[in-house]
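Please open the model in your viewer and keep the selection panel at hand. The stops below go from a whole chain to a pair of helices and then to the place where two chains meet.

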Amino acid sequence: MGKIIAVHSYKGGTGKTSLSVNLAATYARRGKKVCLMDLDFRAPSLHAIFKGYEPDYWLNDYLNGVCEIDKVLVDATKDHGNGGKLIVALANPSTEAIRDMTAKDRKWEMKALGRLLSLRSALLTDGTFDYIIFDTSPGLQYSSINAIVTADVALVVTSLDASDINGSQRMTTELYDLFEKKTGILVNKVVAERLSTKEEQKKFNKYLKSIHNLPILATIPCYCEVLRAAGNFIFTEERPDHPFTETLEALATSVEKL
Amino acid sequence: MAAYRKLEVKSTQLLEKIREHLEQLNEKIDVMIEIQKHGHRELPENLPEALDVMTLLSLPDHLRKTAVSLCKLEKATADEIAEQTKRARAVESGYLNQLVIMGYLKKERQGRKAYFYVDKET
């Protein structure tokens, strides 16, 4: 049976969306059937990467009970399949929709959890997908916790910013542990000097192990080329030989083994 | 030989019946314990609580595990939950009944089986 992977972080701007998209593309390159879902209803972003794909319905509509999930799924395989299958489900980026989603009550959130949980039987049991990747909202809020509870694997993206490290530590012990989730840490935007020599790398890994109790699945250097891409294209697709792509390949393998 | 078989079937049926009664007794005792602990909830002024993720977080660990499993299955018997949580059926039955008393779950009997589910409509 396929797996649901939730990509989450304590703070915003850690690179959740970039890593979700590239991880999805990496699995597609391996011939997998992947569904990438934008669960960041406060700041939707996938529509900007998958430009030109106009969905009939948004994920918002699915959670609202307006339609079933098949109406939301948009096939991006033609442009981004790379030997596999890549389907996306987008969040409605209009201000009206964002406002609507932030004003939901507890009862609605409870139903939304039920809708997310039933994605498993709708999309994973019959082999429709090998992976569903949730790109979530940062921090502790309903939509992201719903996503984490639903997922089989949670990936926490963190930068080396002190506030981010501190928040991620607390979040993993006070939230993830309670739900007994398989969790891995992705340390993103690592400055080059921390990884410049073998010695430095060793020191850095030791440091990471001292602050996180969970497996560190990837340490991803801060590449100017990735920043220059500015989210205008899927980096691992365009630059298959770049070290960033290699890091993502290794990450995809570690997640499979988790 | 046939008489022996018949006797065997009969005693299994009897044991099954005893087990069923014991389970029902157990459930009733659970309810009594819960009421003793927390007093009887005055419904419907106290609207049933929503079993959302924040509530799940606030539950004690043992009940959270049961509640999360039920959210995943939507509607299930104590047996089905026990299969998920790898805990004893009687234990899960106790926890499920506690969650019913707390107002998070609903319970419905269908023949010999008791089904638990999250009430999403009220």
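What follows is a tour of a predicted model, with something to select at each stop.

**Stop one: chain B as a whole.** Begin by selecting chain B and colouring it by secondary structure, which comes to five helices and three strands. Read from the N terminus on, these elements run in the order α-α-α-β-α-α-β-β. Of the 122 residues in chain B, 24% are buried, and of the chain's contacts with a separation of 6 or more, 52% are between residues 24 or more positions apart.

**Stop two: helix H4 of chain B.** Next select residues 78-85 of chain B, which form helix H4, and display the side chains of B:Ala78, B:Ile81 and B:Ala82, since these are buried in H4(B). Looking down the axis, you can see that these three cover an arc of only 100°, which puts them on the same side of H4(B). To see what covers the buried residues of H4(B), add to the selection helix H3 (61-73), strand S1 (75-76) and H5 of chain B, which are included in that cover. Before leaving this helix, extend the selection to B:Lys86, which follows H4(B) and has a positive phi, near 60°.

**Stop three: H4 against H5.** Now keep H4(B) and select residues 89-101 of chain B, helix H5, which packs against H4 at an angle of about 110° with the two axes 8 Å apart. Angles of 65 to 115 degrees count as roughly perpendicular, and H4(B) and H5(B) are therefore roughly perpendicular to each other. Their crossing is right-handed. For the contact itself, show B:Ala78, B:Asp79, B:Ile81, B:Ala82 and B:Thr85 on the side of H4(B), together with B:Arg89, B:Glu92, B:Ser93 and B:Leu96 on the side of H5(B). Coloured by class, the residues of this contact divide into four nonpolar, two polar and three charged. B:Ala78, B:Ile81 and B:Ala82, met at the previous stop as buried residues, also belong to this contact.

**Stop four: where chain A touches chain B.** Finally, bring chain A into view and look at its contact with chain B, in which 14 residues of chain A meet 11 residues of chain B. Which elements of chain A give two or more residues to the side that touches chain B? Select helix H6 (106-124) and helix H7 (142-150) of chain A, as these are the elements in question. H6(A) gives the most, with eight residues. By class, the side of chain A that touches chain B has eight nonpolar, two polar and four charged residues.

Methods:
Residues are numbered from 1 along each chain as its sequence is written. Chains are lettered from A and ligands numbered from 1 in the order in which they are written. This is a predicted model: local features need pLDDT of at least 70, side-chain atom pairs count only at pLDDT 80 or more; totals for chains, interfaces and linings use all residues. Axes are lines fitted to C-alpha atoms, for helices over the stretch in contact, and angles run from 0 to 180 degrees between N-to-C directions. Helices (H or I, at least four residues) and strands (E, at least two) are DSSP runs, numbered from the N terminus. Angles under 35 degrees count as roughly parallel, over 145 as roughly antiparallel, 65 to 115 as roughly perpendicular and the rest as oblique. A crossing is left-handed if the near helix is turned anticlockwise from the far one by less than a right angle, and right-handed if clockwise. Two residues are in contact if their C-beta atoms, placed from the backbone, lie within 7 Å. Ala, Val, Leu, Ile, Met, Phe, Trp, Tyr, Cys and Pro count as nonpolar, Asp, Glu, Lys and Arg as charged, and the others, Gly among them, as polar. A residue is buried if 20 or more other C-beta atoms lie within 10 Å of its own, exposed if 12 or fewer, and partly exposed in between; C-beta atoms are placed from the backbone. The arc is that of the directions from the helix axis to the C-beta atoms.
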